[in-house]
Each structure stands twice: as structure tokens, then as C-alpha cells.
Amino acid sequence: MAHACLQAVKYLMFAFNLLFWLGGCGMLGVGIWLVATQGSFATLSSSFPSLSAANLFIIVTGTFVMAIGFVGCLGGIKENTCLLLTFFLLLLLVFLLKATIAILFFAYTDKIDRYTQREVKKGLHLYGTQGNVGLTNAWSIIQIDFHCCGISNYSDWFEVYNATHVPDSCCLEFSESCGLHAPSTWWKAPCSETVKVWLQENLLAVGVFGLCTALVQILGLTFTMTMYCQVLKADSYCT
């Protein structure tokens, strides 16, 4: 009976870790794809990490998840208590890090929002300058896709240009030098609010995904510890 239970947990562990490993492969693939296709799109502020840095983080995270999944698979197949315990501790570490980041984010949402607006406003002054093609493209894409202009309103650009002038990406109907026309031809919505609304609309999906991920990790921790205890029992029974 104990042997049958051990075999059942073993196959569950293998299935879980195979999915975990495939998830790591997916993250690695997405990171490499973004590096290859993102072009010169970068960041909204020189103080923030560029997308290249973010892509590198995805690649490193994907590789780390693949390594954890491999350790779990190997530990399950070999019924090795050392590998099983290592996998358990690594998975627990990932779970605690994610939980800590989520708690800190919700605890300091207002401070993060104020800091982000302040730093992004500094980034406006680098728009269109030499060596900041990525930042310029990022702002253009944000304003065109979200139908907004500036951080608080279109007058944010007046400080950048020292004139009543906005980028062409602020125009209701895009055309060459349309940013020199009257304010009635520009988007009025502030980008900070439109992006915030978009994030809030997608917060539920992100929350559900995070909850599902957490549940999967808890199941993984449960399977691992169950198998670890079963292997210890089998070893003690044999001796």
C-alpha cells in the first residue's frame, strides 16, 4: 500500500514538474522573442530599467524555473531525498518572494505612483534627444495607443519645448507637424490616468493568474513534501 502511494505521488510529481519546466521554457522563449523583435522600444524614463533589462530578467527567470523543474523531475524519478528537499526549498523561496513583492506593491501603491509620475516627468525632457530613440518611441506609442497627451495634461510638453507645442503623437488626427496646431486638435486625456485605468481593468486577470500560480506552487510544495516523507518511510522500512 505504501509503495502504491509512493508511486502515485511520484507520477504526480513528475507531471507537475514537467508543467513547471515547460512554463520555464515558455518564459525563456518569450524573453528571447522580445529581445529579437522589440526593436528600439525602450522605456519612459532614464531612471527605469529598459525593456532590454526586463527581457533579460524574463530570460534569467525562465532559465531558473527550468532548472527548478529539472531538479524536481530528477528528484521524483530517482526518489532522492536530497533533490526533493532542494526542490522544496527552492519552490518555497520563489513562493515567498512572489508573496513579498505582492504585499509590498499593495502596501506602497501610493508611493510607487508618486515616484513613477515624478520620474516619468523627468523622462519627458529627453524626448526626441540624441541617444534616446527608445524613450521617444515609447512615448509616441503610449500617446497614440491610449489617446492621451502628457502625464497630467498636454501642457506638460510646453515645459519640454518651451513653447505651445506637443509631439505629433498627441494629435487627434496624426499628420506631419500637427503638434504645432491649436490645442483643440490634441488629445486632452492625461496618460497617467488612462494607463492607470487600463491597468485597473486588467488587474482582475493578473490577480486570477497570480492566484492560480500560487495554488499550483502550493500543490507542488504539498506533493514534494508528501513524496519526501514517503521516501523516508520507505528507506526506514527497508533498513
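Here are some questions and answers on a predicted model of a single chain.

Q: How many helices and how many strands does the secondary structure of the chain come to?
A: Reading from the N terminus, the elements go α-α-α-α-α-α-α-α. That leaves the tally at eight helices and zero strands.

Q: What share of the contacts with a separation of 6 or more comes from residues 24 or more positions apart?
A: Some background on the chain helps here: 31% of its 239 residues count as buried. As for contacts with a separation of 6 or more, the share from residues 24 or more positions apart is 67%.

Q: Which helices does the salt bridge between lysine 121 and aspartate 156 tie together?
A: The two side chains meet at 3.6 Å, N to O. Lysine 121 belongs to one helix and aspartate 156 to another, so the pair links parts 35 residues apart in sequence. Those helices are α4 (residues 109-124) and α6 (residues 156-161).

Q: Is aspartate 156 buried or exposed?
A: Its salt-bridge partner, lysine 121, is partly exposed at 32% relative accessibility. The cut-off for buried is under 20%. Aspartate 156 comes in at 6%, so the label is buried.

Q: What separates lysine 196 and glutamate 193 in helix α7?
A: This pair makes a salt bridge too, at 3.8 Å from N to O. Both ends count as partly exposed, lysine 196 at 25% and glutamate 193 at 39%. Because they sit three residues apart in helix α7 (residues 191-201), the separation is about one helical turn.

Q: Which side chain does serine 140 join in a polar contact of 3.0 Å?
A: Serine 140 sits in helix α5 (residues 133-146) and is buried, with a relative accessible area of 16%. Setting aside neighbours within four places in sequence, serine 140 is in contact with Ser169 and Tyr127. The polar contact of 3.0 Å is with the side chain of tyrosine 127.

Q: Which helix gives the most to the nonpolar patch?
A: The patch on the surface is formed by Phe14, Leu18, Leu19, Trp21, Leu22, Phe70, Leu74 and Ile77, together about 730 Å² of accessible area. Both α1 (2-37) and α2 (51-78) supply at least two residues each, and phenylalanine 70 lies in α2. With five residues, the top contributor is α1.

Q: What percentage of the area the chain exposes do carbon and sulfur atoms supply?
A: Now for the surface of the chain as a whole. The chain exposes about 14,300 Å², and the part supplied by carbon and sulfur atoms is 72%.

Key. Residues numbered from 1 in each chain as written. Predicted model: local features only at pLDDT ≥ 70, side-chain atom pairs only at ≥ 80, totals over all residues. Heavy atoms only, no water. Helix = DSSP H or I, 4+ residues; strand = E, 2+ residues; numbered from the N terminus. Buried < 20%, exposed > 50% of the residue type's maximum accessible area, 1.4 Å probe, protein only. Polar contact = N/O pair within 3.5 Å; in protein donor to acceptor, adjacent residues only side chain to side chain. Contact = heavy atoms within 4.5 Å. Patch = residues over 30% accessible without salt bridge, like charges linked within 9 Å, V, L, I, M, F, W, Y side chains within 5 Å. Areas by Shrake-Rupley, 256 points an atom, 1.4 Å probe, with all protein chains shown as cover. Salt bridge = Lys/Arg side-chain N within 4 Å of Asp/Glu carboxyl O.
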